[in-house]
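Please find below a short note for a colleague who is opening this entry for the initial time. The points are numbered so that each can be checked against the structure in turn.

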Amino acid sequence: MSSEGERSETSDRAGSDATRENGGGGGERVSAGDGKFGRYGGQYVPEALMPAIEELTDAYERYVLNNEDGFVDEFRRRLRDFGGRPTPLQRADRLSERYDTEVYLKREDLLHGGAHKLNNALGQVLLAKYMGKERIIAETGAGQHGTATAMAAAHLGMPCEVYMGERDINRQRPNVFRMKINGSEVTPVTTGRGTLKEAISETMRDWATNVEDTHYVIGSVVGPHPFPQMVRDFQAVISEEAREQVIDQTGGLPDSVVACAGGGSNTMGAFHNFVGDDGVDLLAVEAGGSSLAVDEETGVAPNSASLSTGSEGVLHGARTKLLQDHDGQIVESHSVSSGLDYAGVGPELAHLVDEDRVTPVNVADDAAIEGFHRLSQEEGIIPALETAHAFGYLHEHHDEVGDVTIVNVSGRGDKDLDTAIEETAQRDIPNAPDMSMFEGGLR
Amino acid sequence: MTGHRSSEAIAAAFADGPAFVPYLAVGDPDYESSQAYVEALAAGGADVIELGLPFSEPIAEGPTIQNAVVRALEAGMTPTRFFEFVADLDVDVPLVCMTYYNLIYQYGDEQGPRPFVERAAEVGISGFVVPDLPAEEAGPLREACDEFGLDLVSIVAPTTGAERLKKLVDVSSGYLYVQARLGVTGASSSVSDQTGESLARLADVDLPKAVGFGISSGEQAATVVEAGADGVIVGSALVDIVAEGHANDEPTEAVADRLETKARELKQGALEGYGRRTPAPEGTSD
Ligand SMILES: Cc1ncc(COP(=O)(O)O)c(C=O)c1O
């Protein structure tokens, strides 16, 4: 792919909400726009951060949208050489037979680090370098984003600190080790329930303190503008490849694309280049947890289904759909998968749902665990528990996804083995293997 | 330099001498004690009181205030209770509501800030500080404040440059909350030397400047006022007293007494700092 081609594709990708300006004599320049997706988006952050956000918006516009100094070319090259792109679009033979529909898997689990998260982490750490920043901070839920950021930071020689909820540290030990081994500091967050929501708040506090030399690598299509749009652009490589690959392999577009949604970065990445294809159904699978109801008494939503059940509000820098109580207090979410365990969702997804372009669906913890075992047994791919939600959905609704469907395999499940075994043992999962030999201690 | 009229109550509070502006999280550790604590601050010489309405994700607060927010939420504080609290208060000092935008936005039947502002005006609130609402997003709240005659106090950070400052001043009234250092709220042992610089940059702005973030003693209050501040904002150092009293199970009156004493120290410090100021050249001081 020539750099010219890359440049114009980058511009096209941003085309839906970025605007073109006629630069004085130098051809069209793409601008970052105002970061509003319909009623959603915006920049709800402390004033101390606003100059950094303006600086970031400017850098996003120059380097990412307009390929200044060859940023996009370097990003693409590193995604290929360090990251292992392109990832395959693989036909899932047994699932296709089982469901009597053509199932294609977009294998983001094969990306370096084992999840789609590297696309964004590499893009942002590289951008921070172009901006002359000296320190990287990030938050992480499942640890995948933290791991990807730690890897990108090590790769590009930047010091990195990752905030992670205490509860998630316990659920995701392998990723904690991976971050540390890559030279990052991992700082436990003990406030609230000790999950992703608290880790994001804590990282914003660090950023507000060290904003002058620090870049906050946000982990999903959430936060203040330009993050939701910029992270989407970095992740859009998923659907850029998948669209070409599916046309190549099947001669046409798919009937549907299915992706799990926590903050929604693999979701937006998998959807973006299909948004203009009206015939392609876009299905965002949220964590239904153990129930879709919110317990107003305890302030807990035993789910993370903010697109399906949330209401409009402002959290972590953006107006979006949220799990909140009647007063606007954010409620605690729940999912068996740390990476989906978040009370908010990206503003662009919220908007696409309002526009009926994306259909929000959800899958309970139990069905996700079934999906985890099924994909492992039938295709030899152990998915992340986040990803397993997409397969839980496919199982329950395979007659609704059309003749050709792409499921985004957002990540691999190595990090989740302990959790999967524990959670399986607590339930009656019909397709689970006999795990009794593990009783009484896995470690 | 500001297009919005300040409410009379707040303008009066800054009219003569330096203002002492304490902050407490409302409902910490419970409704009744919290009322006694706010009243103690008034008795100790507060000129304006910032009442924190607890939000579950206080991203601009350090650990001290975060913990206070958790205590208050666990004790059942809600926006509805907050308004009752304010209506019940027996103080003769202008009150500013400090909270995060989502609570303002969700209040009432329609989404948007108007019902919250209307209710705040009814119970006697004079203005707002909303740490997650930069000038870019302040329009709707500013409009509602104008409708009901309330102030919108903006935070000016050390990172705020000249262009942003203009934007901020355009939506502000009452006073400017000058953040003494980068970071989140929290008491510290020394006052940042960024303060003098920040005040110098604000010299032309026709609004009182109250400095906050990190002030914890009368001496620090004096330093800040001597450097030109029109007021000092003190939160964490007072919340620490509440937290300590709660941790040691002290009676409310004992904690209230200590708050009042601390308030006197801070107010006294502010006055001393004012006295130490070298007389400003004609026309540059208020
Ligand atoms: C493998 C995997 N998939 C999905 C997610 C959810 O994030 P997002 O919705 O932003 O893709 C995570 C988050 O950690 C993850 O690790």
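1. Chain B, contacts along the sequence. The model is a predicted one, and a reader may begin with how chain B is held together: among its contacts between residues at least 6 apart in sequence, 74% join residues at least 24 apart. The secondary structure of this chain comes to twelve helices and eight strands.

2. Chain B, overall dimensions. Taken along the principal axes, the C-alpha atoms of chain B fill a box of roughly 50 × 45 × 30 Å. A compact globule of 286 residues would have a radius of gyration near 19 Å, and the 17 Å found for chain B agrees with that expectation.

3. Chain B, surface and interior. Of the 286 residues in chain B, 60% are buried. The chain exposes about 10,700 Å², and carbon and sulfur atoms supply 47% of that area.

4. The annotated lysine in chain A. An unreviewed UniProt entry lists K117(A) under "modified residue: N6-(pyridoxal phosphate)lysine", and the reader should keep in mind that such annotations may be inferred rather than shown by experiment. In the model, K117(A) lies in helix 5 of chain A, which covers residues 117–130. Is K117(A) buried or exposed? Its relative accessible area is 17%, and because buried means under 20%, K117(A) counts as buried. Leaving aside residues up to four places away in sequence, K117(A) touches Q144(A), H145(A), A148(A), G219(A), Q235(A) and S265(A).

5. Helix 11 of chain A. This helix has 14 residues, 237–250, and at 1.5 Å a residue it should span 20 Å; its end C-alpha atoms are 20 Å apart, so the expected and modelled values agree. Several of its residues are buried, among them V237(A), I238(A), E240(A), E241(A) and V246(A). Just after helix 11, G251(A) takes a positive phi of about 85 degrees.

6. Two salt bridges in chain A. Over all chains the count comes to 54 salt bridges, and two of those in chain A may be set side by side. In one, R78(A) pairs with E74(A), with the closest N and O atoms 2.7 Å apart; both residues lie in helix 3 (residues 71–81), four residues apart, about one turn of the helix, and both are buried. In the other, the side chains of R171(A) and D341(A) meet at 3.0 Å, N to O. That pair links distant parts of the chain, with R171(A) in helix 7 (residues 166–171) and D341(A) in the loop between strand 14 (317–322) and helix 14 (347–354), 170 residues apart. R171(A) and D341(A) are likewise buried.

7. A salt bridge in chain B. R119(B) forms a salt bridge with E122(B), the closest N and O atoms being 2.8 Å apart. Both residues belong to helix 6 of chain B (residues 114–123), where they stand three residues apart, about one turn of the helix. How accessible are the two partners? R119(B) counts as partly exposed at 27% relative accessibility, whereas E122(B), at 54%, counts as exposed.

8. A network that involves both chains. E47(A) and E54(A) are linked with E136(B), R164(B) and K167(B) in a network of salt bridges, and a reader who wishes to look at the two chains together can begin with these residues.

Key. Residues numbered from 1 in each chain as written. Chains lettered and ligands numbered in written order. Predicted model: local features only at pLDDT ≥ 70, side-chain atom pairs only at ≥ 80, totals over all residues. Heavy atoms only, no water. Expected span 1.5 Å × (residues − 1). Buried < 20%, exposed > 50% of the residue type's maximum accessible area, 1.4 Å probe, protein only. Contact = heavy atoms within 4.5 Å. Rg over C-alpha atoms; globule rule 2.2 N^0.38 Å. Areas by Shrake-Rupley, 256 points an atom, 1.4 Å probe, with all protein chains shown as cover. Salt bridge = Lys/Arg side-chain N within 4 Å of Asp/Glu carboxyl O.
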